[in-house]
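Visitor: I would like a close look at one helix and its surroundings, with enough of the rest of the chain to place it. Please keep to what the model itself shows.

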Amino acid sequence: MNTQIHDTDFGTPARVSDKLVTLEIDGQQVTVPEGTSLMRAAAEAGTMVPKLCATDSLEPFGSCRLCLVEIEGRRGFPASCTTPAEAGMVVRTQSDKLQSLRKGVMELYISDHPLDCLTCSANGNCELQDMAGVTGLREVRYGLAGENHLDSPKDESNPYFSYDPAKCIVCNRCVRACEETQGTFALTISGRGFDSRVSPGQSEAFMESECVSCGACVDACPTATLQEKSVIQCNLARVLALFCAAFVTASSRRLVTISALNDKLFCAAFVIV
C-alpha cells in the first residue's frame, strides 16, 4: 500500500555516491546511491513511510519510532530513517504488525497532547494530526488522569513566535535545526525520560537565551509547539469565523463581517429582516 503523506519531503537528505545499490521495497526493485536511508529509498519509489522526527532538511535522528520497517532475515523493527539501504535487502514498509506498532506509538503521543485540534493554530498543517490519520488512530485507551504536560506554561517572551511545551513531542527537530541549519546551538533537550523538554540555554526564556529569532526551529516543528504569532492570530480569526457562522446558522441569521478592533477580533452578525 502506497501512502502519500508529504510528497516533497523524503525524510532524510539525499546522498551522493558513485556506487549504487539495488534492493527490494514492498516488492519493487529500487536503486539508490550508497548511504541512502531506507526511508528515502522508499519515498523515491513512491512509498512514504510514516514519520515525525525525520525531515529531509536534517540528518536522521531515529527518535519517534514511527518509521519502523521489516527487513527479511533481520530481527526486530529498525527505524528506516537511520538504516542505510544495502544491496539485496528485502524490505517491507507495510504489514499488520507494523501498523499495530505505529498505532501504539501514536496513541502514546496523543495521550499526553492537548485535544484541541479544531482550535489549534496548526490544524490542517500538523504532522502529528496527519500521522494519527495515517496510522488509523481513532481513540486513545489511556486516560488523562495520570501525570502529563498539558498544563505546562507557554513561553511568550519572543515577539515573533510562541513556545507551547504542552504540545511538544520531543522529536528534537527544533534542536537539530538550530544546530545544523543556523549553527546557533541555542536549544537543547533538558531533563530525562518523562521530564525531557526543549530548553533554550540553561532553562531560560527564549528572549534571555542565545536565540537569534531566525525561525529555523519554528519551520522544523511538526506540531504547534513553536508557532509564529502571526499564524496564531490568523487562525484565531478563522476559528471565530467558523464559530460565528455556526452561531448565525443556528439562529437563522446571516454573518455579515468579521472585523478587527483594538487588536481584538469581534464577530458582527445582524438579523436580516
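How many helices and strands are there in the chain, and what do the buried residues of α4 pack against?

Guide: The structure is a predicted model, in which local features need pLDDT of at least 70 and side-chain atom pairs count only at pLDDT 80 or more, while totals for chains, interfaces and linings use all residues. Residues are numbered from 1 along each chain as its sequence is written, and side-chain values use heavy atoms, with hydrogens and water left out.

The chain holds six helices and 10 strands, taken as DSSP runs (helices H or I, at least four residues; strands E, at least two) and numbered from the N terminus. Of its 273 residues, 41% are buried; buried means under 20% relative accessible area, exposed over 50%, and partly exposed in between, with a 1.4 Å probe and protein chains only.

Now the helix. α4 covers residues 173-182, and R173, C174, V175, R176, A177 and C178 are buried in it. The buried residues of α4 pack against α3 (127-134), β6, β7, α5 (216-220) and β8 (226-228), where a contact means heavy atoms within 4.5 Å.

On the N-terminal side, the loop between β5 (161-163) and α4 contains N172. N172 has a positive phi of about 75° although it is not a glycine, and N172 is buried at a relative accessible area of 12%. C171 is also buried, at 9%. The cysteine sulfur closest to that of C171 belongs to C174, but the two are 6.3 Å apart, so they are too far for a bond; a disulfide is counted when a pair of cysteine sulfur atoms lies within 2.5 Å. The sulfur of C217 likewise has its closest cysteine sulfur, in C211, at 5.9 Å, which is too far for a bond. C217 is buried too, with 8% relative accessibility. The count by this rule is zero disulfides.

On the other side, G183 follows just after α4 and takes a positive phi of about 75°. F185 is in the loop between α4 and β6. Its phi is near 60°, again positive in a residue other than glycine, but F185 is exposed, at 56% relative accessibility.

Then come two of the packing partners. β6 (residues 187-190) runs antiparallel to β7 (residues 197-200), and four bridges join them; strands count as paired if DSSP finds at least two bridges between them. L187 stands opposite P200 in β7. The two strands form a hairpin with six residues between them, and G191 in the turn has a positive phi of about 80°.

For the wider setting, the largest nonpolar core has 20 residues, of which L23, I25, V32, L38 and V91 touch the most other members. Such a core is a set of buried Ala, Val, Leu, Ile, Met, Phe, Trp, Tyr and Cys residues joined through side-chain atoms within 4.5 Å. β1 (20-25), β2 (28-33) and α1 (38-44) each supply at least two of its residues, and α1 gives the most, with four. Apart from this core lies another, of 18 residues, including C53, V105, M106 and A122.

Over the chain, among contacts between residues at least 6 apart in sequence, 61% join residues at least 24 apart.
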